[in-house]
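Biologist: Could you walk me through this one? I'd like to hear the reasoning behind each label, not just the label.

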Amino acid sequence: MKKSILSAFSLMLLIIFAQACSETDSVIFGKWKLNLEKSTDIAPWRYRQLELEIVQNENGLQLIHNWKHRRHGDWVDTLKLVPGGDTVKSIIRSPLWVENWFMGVLSKENSVRTTVGEWEKPGKYLKTSTEQMVEISQGETTIRTYRSYQISRHGNELTVIEKRSSRPAEIRLVFDRITE
C-alpha cells in the first residue's frame, strides 16, 4: 500500500516538474517576422514582408510594423499605447495604408488615429483597438481594428488575430521570433 502511494506521489511530482520546465518566461517583447505559411493567405503578403517589433519603455508600448518590399523599399508604421491607460492619438501622415489587405482603401491624410490597449496577461497577451478615418470610393468612413497579440507557450511564436469593423472575417497573422 505504501509503495503504491509513494509511486503515485512520485509520478505526480514528475508531471508537475515536467510541466513547470516546459513553461517559459518569454514575453512578447522583441522582433518578429511574419510566417506566410501559417498566416491567413492574403495577396499583399506575397509582395511585402512584415517584421514586427514590440518595445516596452517608460512611456508604454510601441508596436513597430516594418513592411519590406524589394522594389518599393520599406514602410514603417508605429502604434504607441499605454496598456490600461489613456487613449493615444497620432496623426496619419500618408494616404498609403500599408496594412490594407484589400483594394480601394486609403488612409485619410492629417486625420487622427486613436489607439488603446490592455494586458490580458502582462507581457504575454495584449489586446488593442485602433480607430481611424479612411477614404473609399463612396467617401469617408471610420475603421475600427481590434487585435490580440498572444505569445506561444514556448515563446518562439506570436499570433495576432485581427478583426475589423468593415469585414466579418478575422485575419490570423503568425510571427516567428527573430533571434539576433
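Modeller: What follows is a set of labels, each checked against its cut-off. Keep in mind that this is a predicted model.

Biologist: Fine, the overall layout to begin with. How many helices and strands are there?

Modeller: One helix and eleven strands. Along the sequence the pattern is α-β-β-β-β-β-β-β-β-β-β-β. Of the 180 residues in the protein, 35% are buried.

Biologist: Let's take a polar residue. Why is Gln49 called buried?

Modeller: The cut-off for buried is under 20% relative accessible area. Gln49 has 18% relative accessibility, so Gln49 counts as buried. This residue is found in strand E2.

Biologist: And what makes the link between the Gln49 side chain and Leu34 a polar contact?

Modeller: A polar contact needs N or O atoms within 3.5 Å. The Gln49 side chain comes to 3.2 Å from the backbone oxygen of Leu34, so that distance is inside the limit. Leaving out residues up to four places away in sequence, Gln49 also touches others, including Lys33, Asn66 and Trp67.

Biologist: Now the aromatics. What makes Phe29 and Trp119 an edge-to-face pair?

Modeller: Two values matter here. Ring centres must lie within 6.5 Å, and planes over 60 degrees apart count as edge-to-face. For Phe29 and Trp119 the centres are 6.0 Å apart and the planes make 80°, so both conditions hold. The count of aromatic pairs comes to one.

Biologist: How do you know that the pair links distant parts of the chain?

Modeller: Phe29 and Trp119 are 90 residues apart. Phe29 sits in the loop between helix H1 and E1, while Trp119 belongs to strand E7.

Biologist: Why is Trp119 called partly exposed rather than buried?

Modeller: Partly exposed is the range between under 20% and over 50%. Trp119 has a relative accessible area of 23%, so it is partly exposed.

Biologist: Next, strand E10. What makes you say that E10 is largely enclosed?

Modeller: Seven of its eight residues are buried, so the rest of the structure largely encloses E10. Take Ile161, which has its place in E10: at 18% relative accessibility, Ile161 counts as buried, given the cut-off of under 20%. Setting aside residues up to four places away in sequence, Ile161 touches Tyr146, Arg147, Ser148, Glu170, Ile171 and Arg172.

Biologist: How do you know that E10 pairs with E9 and with E11?

Modeller: Pairing takes at least two bridges. Seven bridges join E9 to E10, and E10 and E11 also pair over seven bridges, so both cases meet the rule. E9 and E10 run antiparallel, and the pairing of E10 with E11 is antiparallel too. On the E9 side, Tyr146 stands opposite Lys163; on the E11 side, Val160 stands opposite Leu173.

Biologist: How many residues lie between the strands in those hairpins?

Modeller: Five between E9 and E10, where Gly155 takes a positive phi near 85°. Between E10 and E11 there are two.

Biologist: Last one: which residues touch the most other members of the largest nonpolar core?

Modeller: Leu52, Ile54, Tyr149, Leu158 and Phe175, out of 19 residues in that core. Among the strands that give two or more residues to the core are E2, E9, E10 and E11. Neighbours within four places aside, Leu52 is in contact with residues including Tyr149, Leu158 and Phe175.

Notes:
Residues numbered from 1 in each chain as written. Predicted model: local features only at pLDDT ≥ 70, side-chain atom pairs only at ≥ 80, totals over all residues. Heavy atoms only, no water. Helix = DSSP H or I, 4+ residues; strand = E, 2+ residues; numbered from the N terminus. Buried < 20%, exposed > 50% of the residue type's maximum accessible area, 1.4 Å probe, protein only. Core = buried A, V, L, I, M, F, W, Y, C linked by side-chain atoms within 4.5 Å. Contact = heavy atoms within 4.5 Å. Polar contact = N/O pair within 3.5 Å; in protein donor to acceptor, adjacent residues only side chain to side chain. Phe/Tyr/Trp six-rings, centres within 6.5 Å; stacked < 30°, edge-to-face > 60°.
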